[in-house]
Amino acid sequence: MTSMVDCSLLMPVLNEEGHIRSSIEAMRSQRFPGSLEFIVVDGCSTDRTRALLTELQASEPRLRVFENPRGSTASGLNVALREARGRWVARIDAHAVFPADYAALGVERLRRGGTRWVSGPSIARGAGRVSRAVSLALRTPLGTGGSRKWATERDVERGEYELDAGVFAGVWERSTLLEYGGWDEDWERNQDSEIAGRFLARDEPLICIPAMAAEYVPRDSLRSLWRQYYEYGIYREKTARRHPHTMRRSHLLAPALVTTCFAALLGPKRLRPMARAGAGVYTLTIAAAGARASLDAERRSDAALVPAVLVVMHLAHGSGALRGALRHGPPLAAIARALGLGRLARRFGPSDRELRVNAPSLSGGVERTPASVPERQPADAVAF
């Protein structure tokens with residue numbers, strides 16, 4: 001395909017009438033040494049999002065708008081990738097604020113070689129009280145769970161580093177994403193981690209550049225936070241089943257916590273004292289995290305919510321993980337690999353059928369496209 005622009009910015013949206021103008025303006029503010037196009041894919045919004053996009057097109061010839069009848073983020077990204085005319089593509093999230101040189105820094109790093117996926121970390125910046133507490137929680141190890149995709153303002157001056165499957169958006173050469181089959185539309189959540197698993201299966205380094213950090217606004221209610229992390233837990237397990245190498249040992253802690261709490265309340269009498277002791281240790285740990293968070297908080301009331309936020313995040317993610325194991329089957333190979341049982345992990349590895357990528361929005365209606373990469377064989381041990 002002949003490139004008509006240098007870089008395409010891809011943004012799936014759904015019911016974003018309150019943010020769409022600022023999102024397009026953020027795209028327009030990108031400083032890039034070449035031509036850009038802005039591809040927005042609407043997932044059948046029921047508010048005024050589409051009307052506002054039509055209005056914005058009148059004053060911005062680089063803006064191209066397409067429909068996403070399937071409605072999911074993954075299908076929207078595939079529609080955008082299918083229609084992109086740039087050699088380079090950059091994913092932009094409507095609810096995040098990306099730096100003005102995001103695409104330029106990503107493309108410059110790709111040109112230097114040594115990687116085919118470049119992204120920046122995410123900096124959580126709260127708006128309301130719960131959202132601010134979530135931001136504080138995401139500055140603690142208990143909040144990030146060992147993921148390196150989270151950063152703070154102090155990290156922006158750091159040098160680049162490699163990521164595991166915990167990634168946030170990214171910049172790629174369009175042909176690379178096509179080679180990998182696009183985003184899998186069976187993943188309503190965690191779709192970036194799933195495709196990252198395919199890259200990692202071929203030992204492709206995922207490079208994170210702190211200067212590309214984007215500001216992310218967390219959910220502002222405990223109910224929406226629970227729903228978000230519950231869904232993450234479900235699809236985290238599904239990703240681990242397909243890509244065992246994407247599971248960290250820390251991923252086992254949240255479902256273990258849920259199991260411990262259940263045992264403390266309803267388990268056999270012999271197990272209850274031990275389970276309650278474990279729950280007590282967890283409670284003290286969460287309280288200590290809240291105390292440490294108060295050192296970074298501008299408002300004491302925000303820090304006071306951090307323990308509750310962490311409990312919601314952990315229990316929701318753990319409950320979702322257990323639900324995902326029931327729905328998709330337990331990720332036995334991933335668990336074995338995380339525990340350093342390499343031989344057992346190879347026995348429970350995914351089948352060829354499980355490795356097939358579903359990307360009909362990219363392939364023009366073909367339901368299944370074969371995954372272009374084999375699963376990496378697990379090592380005998382894995383670092384924590």
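**Exercise 1. Classify Arg85 by its relative accessibility, and describe the salt bridge that Arg85 forms.**

Solution.
1. Arg85 has a relative accessibility of 24% in this predicted model. The partly exposed class runs between 20% and 50%, so Arg85 counts as partly exposed.
2. The salt-bridge partner of Arg85 is Glu37, and the closest N and O atoms of the two are 2.9 Å apart. A salt bridge requires a side-chain nitrogen of Lys or Arg within 4 Å of a carboxyl oxygen of Asp or Glu.
3. Arg85 belongs to the loop between α3 (73-83) and β4 (86-91), whereas Glu37 belongs to strand β2 (residues 36-42); the pair therefore ties together parts that are 48 residues apart in sequence.
4. Glu37 has a relative accessibility of 1% and so counts as buried.

**Exercise 2. Determine how the strands β5, β11 and β7 are arranged, and locate the salt bridge of Glu215.**

Solution.
1. The 3 strands form an open sheet with mixed pairing, in the order β5-β11-β7.
2. The edge strands are β5 (96-97) and β7 (122-124), each of which pairs on one side only.
3. Strands β5 and β11 (residues 214-216) run antiparallel and are joined by 2 bridges. Val97 has Glu215 of β11 as its bridge partner.
4. The side chain of Glu215 also meets that of Arg125 in a salt bridge, at 3.0 Å from N to O. Since Arg125 lies in the loop between β7 and α5 (129-137) and Glu215 in strand β11, this pair ties together parts that are 90 residues apart in sequence.
5. Arg125 is partly exposed, with a relative accessible area of 35%. Glu215 is partly exposed as well, at 30%.

**Exercise 3. Identify what the salt bridge between Arg189 and Glu231 connects, and name the residues linked in a network of salt bridges.**

Solution.
1. The closest N and O atoms of Arg189 and Glu231 are 2.9 Å apart.
2. Arg189 is placed in the loop between α7 (174-179) and α8 (191-201), and Glu231 in helix α9 (residues 222-242); the pair thus ties together parts that are 42 residues apart in sequence.
3. Arg189 has a relative accessible area of 29% and is partly exposed. Glu231, at 23% relative accessibility, also counts as partly exposed.
4. The structure holds 24 salt bridges. A network of salt bridges links Arg116, Glu179, Arg202 and Glu204.
5. As a general principle, side chains of opposite charge can pair when their charged atoms come close.

**Exercise 4. Describe the packing of helices α1 and α2 and the composition of their contact.**

Solution.
1. Helix α1 (residues 20-28) packs with helix α2 (residues 49-57) at an angle of about 35 degrees, and their axes are 10 Å apart.
2. The crossing of α1 and α2 is right-handed.
3. On the α1 side, the contact is made by Ile20, Arg21 and Ile24; on the α2 side, by Leu52, Leu53, Glu55 and Leu56.
4. The residues of this contact comprise 5 nonpolar, no polar and 2 charged.

**Exercise 5. Establish which residues of helices α4 and α3 are buried, and what the buried residues of α4 pack against.**

Solution.
1. In α4 (residues 102-112), the buried residues are Tyr102, Ala103, Ala104, Gly106, Val107, Arg109 and Leu110.
2. These residues pack against the strands β1 (5-13), β4, β6 (117-119), β9 (170-173) and β10 (206-208).
3. Gly113 follows α4 and has a positive phi, near 85 degrees.
4. Helix α3 is mostly covered, with 8 of its 11 residues buried. These are Ala74, Ser75, Gly76, Leu77, Asn78, Val79, Ala80 and Leu81.

**Exercise 6. Characterise the surroundings of Glu185, and state the C-alpha separation of Thr140 and Gly76.**

Solution.
1. Glu185 is located in the loop between α7 and α8. Its relative accessible area is 11%, so Glu185 is buried.
2. Leaving aside residues up to four places away in sequence, Glu185 touches Arg70, Ala74, Ser75, Asn78, Asn358, Ala359, Pro360, Ser361 and Leu362. Ala74, Ser75 and Asn78 are among the buried residues of α3.
3. Thr140 lies in the loop between α5 and α6 (141-144). With a relative accessible area of 9%, Thr140 is buried.
4. Thr140 and Gly76 are 64 residues apart along the chain, and their C-alpha atoms are separated by 33 Å.

Definitions and conventions:
Residues numbered from 1 in each chain as written. Predicted model: local features only at pLDDT ≥ 70, side-chain atom pairs only at ≥ 80, totals over all residues. Heavy atoms only, no water. Pairing = 2+ DSSP bridges. Helix = DSSP H or I, 4+ residues; strand = E, 2+ residues; numbered from the N terminus. Axes fitted to C-alpha atoms, helices over the stretch in contact; angles between N-to-C directions. Left-handed = near helix turned anticlockwise from the far one by under 90°. Contact = heavy atoms within 4.5 Å. Nonpolar A, V, L, I, M, F, W, Y, C, P; charged D, E, K, R; others polar. Buried < 20%, exposed > 50% of the residue type's maximum accessible area, 1.4 Å probe, protein only.
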